[in-house]
Structure formats: structure tokens, C-alpha cells
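Okay, thanks everyone, I'll keep this short. Have a look at the structure while I talk, and stop me if something is unclear.

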Amino acid sequence: MNPFAHYDTVIVGGGPAGLTAALALTRYRHRTLVVESPAPPRNHASRGVHGMIGLEGATPAEVRARAWAELDAYGLAEHRAAAAEDVTLAADGGFHLTFDDGSAAWGRTVLLATGVVDIHPVDVDGFAACWGRTVIHCPFCVGWENAGRTWGVVADNPAYAATAAGAFSAWSADVIAIAPPGMERAAETRQALRAAGSDLVEGEIVRLHHRAGDLHTVELADGTLLARQTLLWSPPQQQVPLVTRLTTTLGLALNEDGFLTVGADRQTNVPGLYAAGDLTTQWEQGAMNAAGAGAAAADAIHFARTL
Ligand SMILES: Cc1cc2nc3c(=O)[nH]c(=O)nc-3n(C[C@H](O)[C@H](O)[C@H](O)COP(=O)(O)OP(=O)(O)OC[C@H]3O[C@@H](n4cnc5c(N)ncnc54)[C@H](O)[C@@H]3O)c2cc1C
């Protein structure tokens, strides 16, 4: 392959946002390269992606394989299994991209669809085994699969902890909040939760006892054992290294929560550089949202070129 091949659009990231954009751009007859890191994607622990109409419950690998079969049928989008290491402004317009397999490419426009990285608590024994199954980051994704079980909501602030009794009642009638020691307003939050038939327990989670990923007990640093079958635990997130680098080298703008800022056309503050999917939003994450954002970005890229 010509390492300096030219593309109308280079898409970095082959999840729902990137692949949906690739399909739309292909149908608009753009020459597109999708660069997808061979590392497992963020949702690889998922046993089935839910809320995706037409693909309900398909595994992340099945979703991607199906998407590539559809793209390959058009024969216009290329797939490169590599990580993009850098994106720079080309002297004659467009962008130069370099990849970790030593290759490079030029794109008239670039779409960043790199998702986000969950920062897992590395020192909690059992977290990895339960993650995606009984330790869940989002009730909309796998709440159904955890319905009727005893839940703990890991909360580090009183406003969130206070929602434990009500917000997740669609899935469980037995929900408590688990907060770090010393959380502000803990006493009044506990009182309010108890009045609603719930509770607040303060303590540092050190171990999750489980059978093959099926959680049954949460152990705190002081030795307290909580009988819980499901933990709703949304770890903090960060941008992938490439995006973090571009905030310095290209001045790519993030909002105060660390997500990329884009306009209604999904263009970042760097003209010609677009972004779609989880990397742009804290509260509207999810496979369908990302796919929708990818489609919107493709439309904007197409019209920016033709109008
Ligand atoms: C355990 C788990 C279960 C989930 N279950 C559901 C569910 O049931 N329903 C639902 O709607 N949502 C679910 N989600 C959320 C959903 O997976 C994401 O919201 C969605 O995948 C976001 O799509 P995206 O395209 O923005 O990013 P991603 O799907 O994260 O894709 C980004 C891709 O970019 C690649 N990448 C990153 N950096 C580079 C680089 N430098 N070069 C090349 N490639 C790069 C990554 O490897 C990744 O494959 C789940 C998430 C997790 C963690």
C-alpha cells in the first residue's frame, strides 16, 4: 500500500461512530480510510450490545464484523489495523497522519472517533472479572440483565448518592449507595436514603467477591462485607493518548469536563478536523448516540466539500 496515499477523509477509530461515518461517506462516494487500533475496544467486556435496533444483543465483535461486511460490499472504504500516532497540518492543506505500523496517509479531512478510556480502579480485586457483567457502568446498557438483583451504586458525591433509591428502581427494589469515607453531607444523605428505604454505606471498596464474574459480596477496607449482586460503578474517563497530544500540538479544544468541543457540524476548533462519538460527550454516550453523531459528521464533511 502506498504509505502516503491520499483520502478524502481519514477516520480514526472503528467503533459505532467511525463505522457509521464510513458507511455514509462511502455512499457519498468519498474515498475513506478507517484506521482502527488492533487493541481490544473499550466495550470488549460486553456480552452483547443493547439498545441497538436491528443488532440488539450482538457482541461488539459481531457489530464490527457486520459493519465491515457491509462496507466491503461497496469496496470504497479501506481498513488499516493500526493506531494513529499523530495528526499534523499538511503544508498544502489537509492533514498528514502517521500510524504505529510505520505507514502514513494524507486526508483532506479527518474524523476523530476514538471513543474514551475508562480509568479502572486497578487495586480492587475482582473488578476486572465482574466488569461489563455485574459491575456495570450504565443501567441503560445492562440494567435489564441485572434486574431483580441487589444493587450498590458507587457514588462519590451526595447529589448522586441521593438518587440511589429512586433513579434505579426500574431495575432493583434493593439499592444502596456506597460512598468513599468522609463524603461531604454523608449523614444527611444517609438519613434521606433511609427514609426512602435505602441506605448509604461509607467505605473504600477493596475486593469484589464473585463466582466467575457473578458478584455476590463487596468488601470494604474496614472489613465490612456487603451482600450485593450488582454494582453500578461509572469510573472516570479520559481521552485516548492521540487526542491528548493533539490538544497540545494542534490546540484542539476540550470542555471543562475533558470532552472535545464540536459545533453543530461536529467540527472541532481546528478547521477540517471533525469529532464524533463518546469523545465529545459525557452524558450522551452509547452505541446509537455515537452512530448518530458519526452520521451527522459524515453529512457535514460531505456538504463542506460540495457546497
Ligand atoms: C462494558 C461496556 C458495555 C457497554 N454496553 C453498551 C450497550 O449495551 N449499549 C450501548 O449503547 N452502549 C454500550 N456501551 C457504550 C458503547 O460501547 C460506547 O458508547 C460506544 O462504543 C461509543 O462508540 P464510539 O465509536 O464513540 O467509540 P468506541 O466504540 O470506543 O470506538 C473507538 C475506537 O477507536 C479506537 N482507537 C482509539 N484510539 C485510536 C488510535 N489512536 N488509532 C486508531 N484507533 C483508535 C479504539 O480502539 C476503539 O475501537 C458499553 C460500554 C462498555 C465499556
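Before I get to the sheet, one bit of bookkeeping: I call two strands paired if DSSP finds at least two bridges between them. And keep in mind that this is a predicted model.

So, the sheet I want to show you is an open one with 5 strands, in the order E8-E15-E9-E10-E11, and the pairing is parallel. Which strands stand at the edges? Those are E8, residues 135-136, and E11, residues 200-202. Each of them has a single partner strand, so one side of each is left without a neighbour in the sheet.

Let's stay with E8 for a second. E8 pairs with E15, residues 230-232, in the parallel sense, over 2 bridges. If you want to find that spot on your screen, look for Ile136, which stands opposite Leu232 in E15. Then there's a helix packing on this sheet, H7, residues 186-195. H7 touches E10, which is 175-179, and also E11, and the direction of H7 makes about 145° with that of E11.

Okay, zooming out. The chain has 9 helices and 17 strands in total. Its radius of gyration is 22 Å, and the globule rule gives 19 Å for 307 residues; those are close, so the chain is as compact as a globular protein of that length. Along the principal axes, the C-alpha trace spans about 65 × 35 × 35 Å.

Now the domains. The chain is divided into domain 1, which is 6-118 + 237-306, and domain 2, which is 127-232. Their C-alpha centres lie 34 Å apart. How many residues does each domain put into the contact? Domain 1 gives 7 and domain 2 gives 8. On the domain 1 side, you get 1 nonpolar residue, 4 polar and 2 charged.

Last thing, the ligand. There are 38 residues around the ligand, and the ones that come nearest are Gly13, Gly15, Gly115, Gly277 and Ala290. The elements giving two or more residues to that shell are helix H1 (16-27), strand E2 (32-36), helix H4 (139-142) and helix H9 (287-306). By class, we're looking at 18 nonpolar, 16 polar and 4 charged residues in the shell. And where do they come from, domain-wise? Domain 1 and domain 2 each supply at least three residues to the shell around the ligand.

That's my tour, over to you.

Terms used: Residues numbered from 1 in each chain as written. Predicted model: local features only at pLDDT ≥ 70, side-chain atom pairs only at ≥ 80, totals over all residues. Helix = DSSP H or I, 4+ residues; strand = E, 2+ residues; numbered from the N terminus. Contact = placed C-beta atoms within 7 Å. Axes fitted to C-alpha atoms, helices over the stretch in contact; angles between N-to-C directions. Near = placed C-beta within 6 Å. Nonpolar A, V, L, I, M, F, W, Y, C, P; charged D, E, K, R; others polar. Domains from an automatic or database assignment. Rg over C-alpha atoms; globule rule 2.2 N^0.38 Å.
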